Amino acid sequence: MSYLMSNYAPLEVTFVKGGGCYLTDTKGDQYLDALCGVGVTGLGHSHPEISRAIQSQAQKVIHTSNWYHIEHQEALAEKLCQLSNMDGAFFGNSGAEANEAAIKIARLHGHTNNIDNPIILTANQSFHGRTMATLSATGNPKVQSGFAPLVSEFIHVDFDDINAIKAHTDNANVVAVMLEPIQGESGVIIPADDYLNQVQDICQANNWLLILDEVQTGIGRTGKLFAHQYNNITPDVLTLAKGLGNGVPIGACLAKGKASKLFQPGSHGSTFGGNPLVCKTALAVLEVIEKDNLLGNTMQMGEYLLSGFKSKLSNSDKVLEIRAKGLMLAIELNQDCSSLLNAALDKKLLLNITGQSIRLLPPLIMGKAEADIMINTVCELIDTV
Ligand SMILES: Cc1ncc(COP(=O)(O)O)c(C=O)c1O
């Protein structure tokens, strides 16, 4: 009997250590990790520089409080803002908390403009987290089911449909649009190249904040440090988590211009958020990404994986579509393929299944050897469907 609540249904495996792209279970079997704990461990497991940063910081000080200055938090805020062209940072412990901060900023923006019931537009099929506000923002009834009453004043519009957003420009209560640049949890849904540019134009024309949730797409996952850099735009608010700490819990909400000035002492906070340990680790993550040119590797490996899959699957009558940006990849089949989750585990490959799609979020440090294993194993799995 387990004393854990039943909100997860874990697969029958327990990992006890990891190195690079591989995890080892209690029996000593090795698994290729093409999921990274759902887009988290981009630098792989037990990365020496990350382990060293954690160890050395743990020996100095792990936690103080945001009631005192935190050296590494200030350094991380500066680094992230320089990299993203933003002006201010707030640190929490997860993606949901980063998005909570973004939602609160949007509401403050509304109230500053004398809007009493500020509305945020979000997308159908989006995923923004599991707290009450972020699940209300999420455009997926399954995530919301059982939790009514939801936090109100979110309007869901179709993703990648600019007219669906334009349709709300005469609603004086709208204050922000909140989107993932690529929808991750719903199966790597990539919008038209200029979608975000057009959304930004509408936001600017209407004094709405553009909030980009890059919890999954950020920190190099798509081959750019932030996915919106493909569009050469700067959002008003940018949220990050997952890859930022390579496994230590950290979330960041960055904001630009007027949006970065809305929080005042007392308006938001987090006990653990941005403590010395997680900030030192995140600084080390950013350093390694830069020093080892992991963005270049992500682009290269992403192209290698995509062309490998395309050439092997071009004649498959089971494959509807292959969607990829950097190392964020989904293969959509013409049928439900949930059974492949355990079949992949038997073949010592960790991946995710989202309905009809096989989703890979492999490590940014991967090489061709790992890519070949992923391509061959996934194609074998598709053959068995
Ligand atoms: C785009 C996006 N936003 C927010 C979240 C929530 O992050 P967390 O689970 O760290 O709260 C996720 C998690 O999958 C995500 O993919």
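Which residue stands opposite Thr24 in S3? It is Gln30. That pair is a good way into this model, which is predicted.

Start at the strands around that pair. Strand S1 covers residues 15–19 and strand S2 covers residues 22–25. They pair in the antiparallel sense, over four bridges. Gly18 stands opposite Leu23 in S2. S1 and S2 make a hairpin with two residues between the strands. In this hairpin, Gly20 takes a positive phi near 60°. S2 also pairs with strand S3, residues 30–33. This pairing is antiparallel too, with three bridges. Here the hairpin has four residues between its strands. Gly28 sits in the turn, with a positive phi of about 95°.

Now move along the chain to a loop. Ser46 lies between helix H1 (36–39) and helix H2. Its phi is near 50°, a positive value in a residue other than glycine. Most residues other than glycine have a negative phi.

Next comes H2 itself. This helix spans residues 48–60, which makes 13 residues. From first C-alpha to last it reaches 18 Å, close to the 18 Å expected at 1.5 Å a residue. Which residues of H2 are buried? They are Ile50, Ala53 and Gln57. These buried residues cover an arc of only 60° around the axis, so they lie on the same side of H2. The spacing in sequence helps to explain this. An α-helix has 3.6 residues a turn, so residues three or four places apart point the same way. The buried residues of H2 pack against helix H3 (71–84) and helix H9 (276–291). On the other side of H2, Arg52 and Gln59 are exposed.

Turn now to the open sheet. Seven strands form it, in the order S4-S10-S9-S8-S7-S5-S6, and the pairing is mixed. Which strands are at the edges? They are strand S4 (88–92) and strand S6 (154–157), each of which pairs on one side only. From one strand to the next, the twist averages 20°. Follow one edge inward. S4 is joined by five bridges to strand S10, residues 251–255, and the two run antiparallel. In S10, Ala252 is the bridge partner of Phe91. Helix H4, residues 95–112, packs on the sheet. H4 touches S4, strand S5 (119–123), S6, strand S7 (174–179), S8, S9 and S10. The direction of H4 makes about 25° with that of S10.

Some loops deserve a stop. Gln125 is found between S5 and helix H5 (132–137). Its phi is positive, near 65°, and Gln125 is not a glycine. Is Gln125 buried, exposed or partly exposed? Its relative accessibility is 49%, and a residue must be over 50% to count as exposed. Gln125 therefore counts as partly exposed. Further on, Pro149 lies in the loop between helix H6 (141–144) and S6. A cis peptide bond joins Ala148 and Pro149, with omega about 0°. Most peptide bonds are trans.

Asn231 is another loop residue. Its place is between strand S8 (209–213) and strand S9 (237–240). Asn231 has a relative accessible area of 11%, and the limit for buried is under 20%, so Asn231 is buried. What does Asn231 touch, not counting residues up to four places away in sequence? Its contacts are Asp193, Asp194, Leu196 and Asn197. With Asp193 there is a polar link: a polar atom of the Asn231 side chain lies 2.7 Å from the backbone oxygen of Asp193.

Two elements complete the walk. Strand S11 (residues 319–325) and strand S12 (residues 328–333) pair in the antiparallel sense, over six bridges. Arg323 stands opposite Ala330 in S12. S11 and S12 form a hairpin with two residues between them. Gly326 is in the turn, and its positive phi is about 60°.

Then comes helix H12, residues 368–383. How far apart are its end C-alpha atoms? They are 22 Å apart. That agrees with expectation, because 16 residues at 1.5 Å a residue should span 22 Å. Buried residues of H12 include Glu370, Ala371, Met374, Ile375 and Thr377. Val378, Cys379, Leu381 and Ile382 are buried in H12 as well.

Definitions and conventions
Residues numbered from 1 in each chain as written. Predicted model: local features only at pLDDT ≥ 70, side-chain atom pairs only at ≥ 80, totals over all residues. Heavy atoms only, no water. Buried < 20%, exposed > 50% of the residue type's maximum accessible area, 1.4 Å probe, protein only. Polar contact = N/O pair within 3.5 Å; in protein donor to acceptor, adjacent residues only side chain to side chain. Contact = heavy atoms within 4.5 Å. Expected span 1.5 Å × (residues − 1). Arc of directions from axis to C-beta. Pairing = 2+ DSSP bridges. Axes fitted to C-alpha atoms, helices over the stretch in contact; angles between N-to-C directions.
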